[in-house]
Amino acid sequence: MITAIVLIKTSVDRIPEIAESIAALDCVSEVFSVTGTYDLIAMVRVGRHDDLADVIPGKISKIPGVEATDTHVAFRTYSQHDLEAAFAIGLDS
């Protein structure tokens, strides 16, 4: 699974509607409304790198009100859930 973090600038008067449209896409797991330079951050998860082109410029950027995107592809994912699972290996419940 490939994870991309997409920073999104939008029309500020339509942030909630744009966020809902992005969140409705199948490959988008979360959309965050944030402060700072960008208005939204979307977490995109796809099976292949080529799929990112279908999703980000092909779908997200075409949503009315999306003005710009800046995409960061994750090399690795670290999470508390992963750590808990690793420490639980071999333990009897």
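Two residues are in contact when heavy atoms of theirs lie within 4.5 Å. The exercises below use this term for a predicted model.

**Exercise 1. Describe the overall make-up of the protein chain, and state what share of its contacts with a separation of 6 or more joins residues 24 or more positions apart.**

Solution. Begin with the secondary structure, which comes to three helices and four strands, and which follows the pattern β-α-β-β-α-β-α when the protein chain is read along its sequence. Turn next to the contacts: among those with a separation of 6 or more, 65% are between residues 24 or more positions apart. Finally, consider burial and surface: 30% of the 93 residues count as buried, while the protein chain exposes about 6400 Å², of which carbon and sulfur atoms supply 55%.

**Exercise 2. Work out how the four strands are arranged in the open sheet, and which strands stand at its edges.**

Solution. As background, strands of a sheet pair through backbone hydrogen bonds, either parallel or antiparallel. Here the order of the open sheet is S2-S3-S1-S4, and the pairing is antiparallel. The edges are taken by S2 and S4, each of which has a single partner strand, so one side of each is left without a neighbour in the sheet. On average, and with direction ignored, neighbouring strands of this sheet are turned by 20 degrees against each other. For one pairing in detail, take S1 and S3, which run antiparallel and are joined by seven bridges; Ala4, for example, has Val44 in S3 as its bridge partner.

**Exercise 3. Determine which residues of helix H1 are buried, and what they pack against.**

Solution. Helix H1 spans residues 15–23, and its buried residues are Ile15, Ile18, Ala19 and Ile22. They lie on the same side of H1, because they cover an arc of only 100 degrees around the axis. Pro16 and Glu20, on the other side of H1, are exposed. The buried residues pack against strands S1 (2–10), S2 (28–33), S3 (40–46) and S4 (66–73). The helix as a whole packs on the sheet, and the direction of H1 makes about 165 degrees with that of S2.

**Exercise 4. Identify the residues with the most contacts inside the largest nonpolar core, and the elements that give two or more residues to this core.**

Solution. In general, nonpolar side chains in soluble globular proteins tend to be buried together. The largest nonpolar core of this model has 21 residues, and those with the most contacts inside it are Ile8, Ile22, Val28, Val44 and Ile60. Two or more residues of this core come from each of S1, H1, S3 and helix H2 (49–55). To see the surroundings of one core residue, follow Val44: leaving aside its neighbours within four places in sequence, Val44 is in contact with residues including Ile2, Ala4, Val28, Leu52 and Ile60.

**Exercise 5. Decide for Thr10 and for Thr77 whether each is buried or exposed.**

Solution. Take Thr10 in strand S1 as the starting point. Its relative accessible area is 3%, and buried means under 20%, so Thr10 is buried. Not counting residues up to four places away in sequence, Thr10 touches Ile15, Ile18, Asp39, Leu40, Gly65 and Glu67. Thr77, by contrast, lies in the loop between S4 and helix H3 (80–88). Its relative accessible area is 53%, and exposed means over 50%, so Thr77 is exposed. As a last step, place Thr77 relative to Ile2: the two are 75 residues apart along the chain, and their C-alpha atoms are separated by 9.8 Å.

How values were computed:
Residues numbered from 1 in each chain as written. Predicted model: local features only at pLDDT ≥ 70, side-chain atom pairs only at ≥ 80, totals over all residues. Heavy atoms only, no water. Buried < 20%, exposed > 50% of the residue type's maximum accessible area, 1.4 Å probe, protein only. Areas by Shrake-Rupley, 256 points an atom, 1.4 Å probe, with all protein chains shown as cover. Arc of directions from axis to C-beta. Pairing = 2+ DSSP bridges. Axes fitted to C-alpha atoms, helices over the stretch in contact; angles between N-to-C directions. Core = buried A, V, L, I, M, F, W, Y, C linked by side-chain atoms within 4.5 Å.
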